[in-house]
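Open your viewer and get ready to select a few side chains with me. We will go from stop to stop and look at what each one shows.

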Amino acid sequence: MARRAEPPDGGWGWMVVLSAFFQSALVFGVLRSFGVFFVEFVAAFEEQAARVSWIASIGIAVQQFGSPIGSALSTKLGPRPVVMTGGILAALGMLLASFATSLTHLYLSIGLLSGSGWALTFTPTLACLSRYFSRRRSLAMGLALTGVGLSSFAFAPLFQWLISNYAWRGALLLVSALSLHLIACGALLRPLSLTEDTSVGGPGAQLTSLFHHGPFLRYTIALTLINTGYFIPYVHLVAHLQDLGWDPLPAAFLLSVAAVSDLVGRVASGWLGDAVPGPVARLLMLWTTLTGVSLALFPVAQAPTTLVVLAVAYGFTSGALTPVAFSVLPELVGTGRIYCGLGLVQMIESIGGLLGAPLSGYLRDVTGNYMASFMVAGAFLLAGSGVLMTLPHFFSCISASTSSPQDPVIEPLDTKIPLPKEEGLGEA
């Protein structure tokens, strides 16, 4: 395969964007809408909210903790066979979950098996996308990740309707059928060879260098804190609204309202990430702070109008932070290390995904309501935004090269003007 000196910023890259669009819908769109099943599982198995919350948390954690495996396999085999295999595992997990007779079965089927499939699909697809774009990377990421917003808008009421008509077991069978489309998403991925690849070494050498890269480690800590609180509304908002006296269908529809706002936020943030001068990490900090504030205000709101406004605010800001979060990483580690870098970030931040929802459920069981749950979730995001401010040249007015690894001593973060390529990853 001929090596390119720079990402093409288009071409087949737009087909990769299309693949990532549907893939993000079928992974995180399903996860975000799983709060509809949460109420059904609590009633069916007569378990506490904290125990049921582990289903989604294990799935998120396995997806993220297993991401380095998907990244390493993609480095060796290319992303196409890896993502197609992940689609099979994701569908199989949902299929087996429809026959569950205990929470343990759901932990193993949805959490472990489907989570493993998601680990083989999400990270390799976004890493492949990052290699196809440089100047328009934030926009490409924003467009690709709108699949999450659109599917959340469609899936939450759809899943509620399926449960009403076919019960939760029949609904899971149909979710399994939807997950099979991940195989087609994988088939669209075409590997891209860049000249930078020859200088980064194998997966082992890349991981060693990343563990010695201070800005990368601080960025990973920030995303871990953000991840701890990020998914709480998608797991517990429906249950919180039902505690306030809402019917299940209107409660699920409020998730759809947040999903529409999320969709707008992703596109707007992707455009701003490429258009606004200065570090992309600064935009990420802004969106993270606003998301944390909106989360902390959820338990204070009682009126339906206020809750709708908060859902719109949360949806927009939480959607806006996602494309820029993925756009910052290539500027820190370079496109040659993006597979291992993204996989390692996903693995470490899985700690937040694993603990967030159960902690929220535990606080609900202890206090009898979701006030502490949402406030603690907001605090985690605000703490993550504080860590982002420690990244190199965060307060600089200039931004860094979008395709080569950043030396934080010499180059500022995320610039759009070409600078000489530096050796290695730089120092903390």
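Start with Ile 163, which counts as buried because its relative accessibility is 7%, below the 20% limit for that label. This is a predicted model, so please read each stop in that light. Ile 163 belongs to helix α8, residues 137–179. Now show what surrounds the side chain: neighbours within four places in sequence aside, Ile 163 is in contact with Val 36, Phe 37, Glu 40, Trp 168 and Ala 171. How far apart are the C-alpha atoms of Ile 163 and Val 36? They are separated by 8.7 Å, although the two residues are 127 residues apart along the chain.

**Aromatic rings**

Two of those contacts, Phe 37 and Trp 168, lead to the next selection. Pick Phe 37, Phe 41, Phe 45, Phe 155, Phe 159 and Trp 168 together, and you have one aromatic cluster.

Before going further into that cluster, widen the view: the count of aromatic pairs comes to 15. One of them is Phe 21 with Phe 22, an edge-to-face pair with 5.1 Å from centre to centre and 85° between the planes. Colour these two by accessibility and they part ways: Phe 21 counts as buried at 19%, whereas Phe 22 is partly exposed at 43%.

Compare that with Phe 37 and Phe 41, whose ring centres are 6.0 Å apart and whose planes meet at 25°, so this pair is stacked. Why are Phe 37 and Phe 41 separated by about one helical turn? They are four residues apart in helix α2, which covers residues 35–45. Both Phe 37 and Phe 41 are buried.

One more ring deserves a click. Select Trp 12 and Arg 190: Arg 190 lies over the face of Trp 12, at 3.9 Å from the ring centre.

**Salt bridges**

Side chains of opposite charge can pair when their charged atoms come close. How many salt bridges does a search of the whole structure find? It finds two.

For one of them, select Arg 364 and Asp 243, where the closest N and O atoms are 3.2 Å apart. Arg 364 sits in helix α16 (residues 338–367) and Asp 243 in helix α12 (residues 232–243), so the pair ties together parts that are 121 residues apart in sequence. Each partner is partly exposed: Arg 364 has a relative accessible area of 21%, and Asp 243 has 43%.

For the other, move to Asp 262 and Arg 266, whose side chains meet at 2.4 Å, N to O. These two are four residues apart in helix α13 (residues 248–275), so about one helical turn separates them. Buried or exposed, what are Asp 262 and Arg 266? Both are buried.

**A nonpolar patch**

For the last stop, turn on the surface and select Val 293, Leu 297, Val 300, Met 371, Met 375 and Leu 382. Together they form a nonpolar patch with about 490 Å² of accessible area. Helices α14 (280–297) and α17 (371–388) each supply at least two residues of this patch. Which helix gives the most? That is α17, with three residues.

Finish on Leu 297, found in helix α14. Its relative accessible area is 41%, so Leu 297 is partly exposed, and it passes the 30% needed to join a patch.

How values were computed
Residues numbered from 1 in each chain as written. Predicted model: local features only at pLDDT ≥ 70, side-chain atom pairs only at ≥ 80, totals over all residues. Heavy atoms only, no water. Patch = residues over 30% accessible without salt bridge, like charges linked within 9 Å, V, L, I, M, F, W, Y side chains within 5 Å. Areas by Shrake-Rupley, 256 points an atom, 1.4 Å probe, with all protein chains shown as cover. Salt bridge = Lys/Arg side-chain N within 4 Å of Asp/Glu carboxyl O. Buried < 20%, exposed > 50% of the residue type's maximum accessible area, 1.4 Å probe, protein only. Phe/Tyr/Trp six-rings, centres within 6.5 Å; stacked < 30°, edge-to-face > 60°. Lys NZ or Arg CZ within 6 Å of the ring centre and 35° of its normal. Contact = heavy atoms within 4.5 Å.
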